[in-house]
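Good morning, and thank you for coming. Please have the sequence and the structure open in front of you while I speak.

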Amino acid sequence: MLAAIVIAVIKMLVLFAVLMLFVAYGTLAERKVSGHIQDRLGPLYCGSHGFLQPFADGLKLFFKEDIVARESDKFLYFLAPMIAVVPAILAIGVIPFGESITLFGRKIYLVMTDINVALLYLLAVSSFSVYTIVFGGWSANSKYPLLGGLRSAAQFISYELILGLSIMGVIMIVGSFSLVDIVHYQKGMWMVVYQPLAFIIYMVAATAELNRLPFDLPEAESELVGGYHTEYSSMKFAMFFLGEYANMVITSAVAVCLFLGGWYSPVPFLSWVPGPIWFVVKLVAVFFFLLWLRWTYPRFRYDQLMGFSWKYLLPLALVNILATGGVMIFLQGGI
Amino acid sequence: MIGPLLKGLRVTFGHLLKPSVTVKYPYEKREVAERYRGRHILKLDEDGRERCCACGMCEEICPADAIKLYGKEDPEFKYSDVGKYAEYYVIDYARCIFCGLCVDSCPRGAIEMTQDYELTVPGPGRINLIKDKGWLLEKRGGE
């Protein structure tokens, strides 16, 4: 019993530390990739090739003046940055990053907890992140955050739905909500091969959920200054930032688990490489794809965003579910 | 529909691999053009005397009003070969627009522009940007 608790606490700490490390170096990766795509260099002098830049940024934000908007709704204004990182930290609990290892004669599964409704849980906590933006936008009593909050409320509701529908096909094929079961199913072949349309829809909806270009309407810099976090400074701003990147890491991890074979190697002759390494490699690849998207596509107009969601993605997701069901029935030889 | 999207991704990925155009300025410096208009220099003649005869053409033509000078007689031809030289010659680099009209207007080729563009000065205020003759005058070896 005691050993189980110790193992759980250690797993928790390691996962949290790794998540924060990914967040820190996610910001650096964002800046380096942005720089190189624009033929610049990005951060260069803080450590070798900007390697210590995340820590310098953190220190800088920590010592910035902490501004509180005077006419703001104080309770929600302080609550919003507090809950910014919560969804990501909650979500990491169900993400499996490897099979199992044996330490001191004890089999340790490389997942915090394998609950049988992991995907439902993930969808539930990820929709929690809308509160961060809505609270932040509506409590600051300022026009730009308000507009950002309004936009994001509509955007989240539309794309949450599509995110849920896009993974329905995967659940139908595997027949389980557990992420571990889903990854086990992909030992031979990645899910993206069976569900290419679902993968595309998932990536689009996830990008919209993350407020990243081309769907970054809640914080569209050129229109809304900073969007929902315009009135935040110092560590409160840093919390929003942390939350955004943590959500990016989680979304990439979920994409890897659902569609890209989790910790399994893509080719059999490389299966001697440990699972967690494959998991991290795939995660970084998906993360890079999100950065890559940002510098490729321009921002959607607001009505286009809504139209794209309800007129194209929703029918496509439904068709995907129907087609998956139809093929499954056909393969089973009738109902 | 997917084709153009992939094409866009290819373009940005191409730029990711391209070498960057950044010049790491304080560590590596750009070559400037041969006729680059940088800071001024007051030329000396073959005998090491100043070419400037304090005619004031540069002060007159300067559109930014950056040059101030006044001359002094020099009967012994010690400083100049025409018997008059600029005792006081100041260029205010906070005003100078580096147009080069002073160089064009100079009848004796006494003022020229160099390729040196590093004119930043320490401290607040613009007093350090006002350069006097000691700084502007061409330096010869052994002086």
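Let us begin with two helices of chain A, in what is a predicted model. The axes of helix α2, residues 53-62 of chain A, and helix α13, residues 234-259 of chain A, cross at roughly 140° and come within 7 Å of each other. Angles over 145 degrees would count as roughly antiparallel, and therefore α2(A) and α13(A) are described as oblique to each other. For those new to the subject, a pair of packed helices is described by two quantities, the angle between the axes and the distance between them.

Which residues make this contact? On the side of α2(A) they are Gly58(A), Leu61(A) and Phe62(A), and they meet Ser234(A), Met235(A), Phe237(A) and Ala238(A) in α13(A). By class, five residues of this contact are nonpolar and two are polar, while none is charged.

I stay with helix α2 of chain A for one further residue, Pro54(A), which has its place there. Is Pro54(A) buried or exposed? A residue counts as buried when 20 or more other C-beta atoms lie within 10 Å of its own. Pro54(A) has 22 such atoms within 10 Å, and so it is buried. Setting aside neighbours up to four places away in sequence, the contacts of Pro54(A) are Ala24(A), Tyr25(A), Thr27(A) and Leu28(A). Between Pro54(A) and Val117(A) there are 35 Å from C-alpha to C-alpha, and the two are 63 residues apart in sequence.

Next, I turn to a hairpin in chain A. Strand β1, residues 100-103 of chain A, pairs with strand β2, residues 106-109 of chain A, in the antiparallel sense, and four bridges join them. You may follow the pairing on your screen: Ser100(A) has Tyr109(A) in β2(A) as its bridge partner, and Thr102(A) stands opposite Lys107(A) in β2(A). Two residues lie between the strands of this hairpin, and Phe104(A), in the turn, has a positive phi of about 50°.

Beyond this hairpin we come to Met112(A), in the loop between β2 and α5 (118-127) of chain A. Met112(A) has 17 other C-beta atoms within 10 Å and is therefore partly exposed. What does Met112(A) touch, not counting residues up to four places away in sequence? Its contacts are Lys11(A), Met12(A), Leu15(A), Ile92(A), Gly93(A) and Val94(A). Met112(A) and Ile7(A) are 105 residues apart along the chain, yet their C-alpha atoms are separated by 9.6 Å.

A positive phi also appears in another loop of chain A. The residue is Asn141(A), with phi near 55°, and it is not a glycine. Asn141(A) sits in the loop between α6 (129-139) and α7 (143-166) of chain A. With 14 other C-beta atoms within 10 Å, Asn141(A) is partly exposed.

Now I move to chain B. Here three strands form an open sheet in the order β2-β3-β5, and the pairing is antiparallel. Which strands are at the edges? They are β2 (67-73) and β5 (130-131) of chain B, each of which pairs on one side only. Strand β3, residues 84-92 of chain B, is joined to β5(B) by two bridges, in the antiparallel sense. In this pairing, Asp92(B) has Ile130(B) in β5(B) as its bridge partner.

After β3 of chain B, please find Phe98(B), in the loop between β3 and α3 (101-105) of chain B. Phe98(B) is a residue other than glycine with a positive phi, near 55°. It has 15 C-beta neighbours inside 10 Å and so counts as partly exposed.

How do the two chains meet? Ten residues of chain B are in contact with ten residues of chain A. The side of chain B that touches chain A consists of four nonpolar, five polar and one charged residues.

I close with the confidence scores. For chain A the average pLDDT is 85, and 99% of the residues score at least 70. Within chain A, helix α15 (residues 302-332) has the highest mean among the elements, 89, and helix α12 (residues 221-224) the lowest, 71. Where pLDDT is low, one should not read the predicted coordinates in detail. Chain B has a mean pLDDT of 87, with 97% of its residues at 70 or more. The scores of the model are ipTM 0.72 and pTM 0.82. Thank you for your attention.

Technical notes: Residues are numbered from 1 along each chain as its sequence is written. Chains are lettered from A and ligands numbered from 1 in the order in which they are written. This is a predicted model: local features need pLDDT of at least 70, side-chain atom pairs count only at pLDDT 80 or more; totals for chains, interfaces and linings use all residues. Two residues are in contact if their C-beta atoms, placed from the backbone, lie within 7 Å. Ala, Val, Leu, Ile, Met, Phe, Trp, Tyr, Cys and Pro count as nonpolar, Asp, Glu, Lys and Arg as charged, and the others, Gly among them, as polar. Axes are lines fitted to C-alpha atoms, for helices over the stretch in contact, and angles run from 0 to 180 degrees between N-to-C directions. Angles under 35 degrees count as roughly parallel, over 145 as roughly antiparallel, 65 to 115 as roughly perpendicular and the rest as oblique. pLDDT is the predictor's confidence in each residue, from 0 to 100. Two strands pair if DSSP finds at least two bridges between them. A residue is buried if 20 or more other C-beta atoms lie within 10 Å of its own, exposed if 12 or fewer, and partly exposed in between; C-beta atoms are placed from the backbone.
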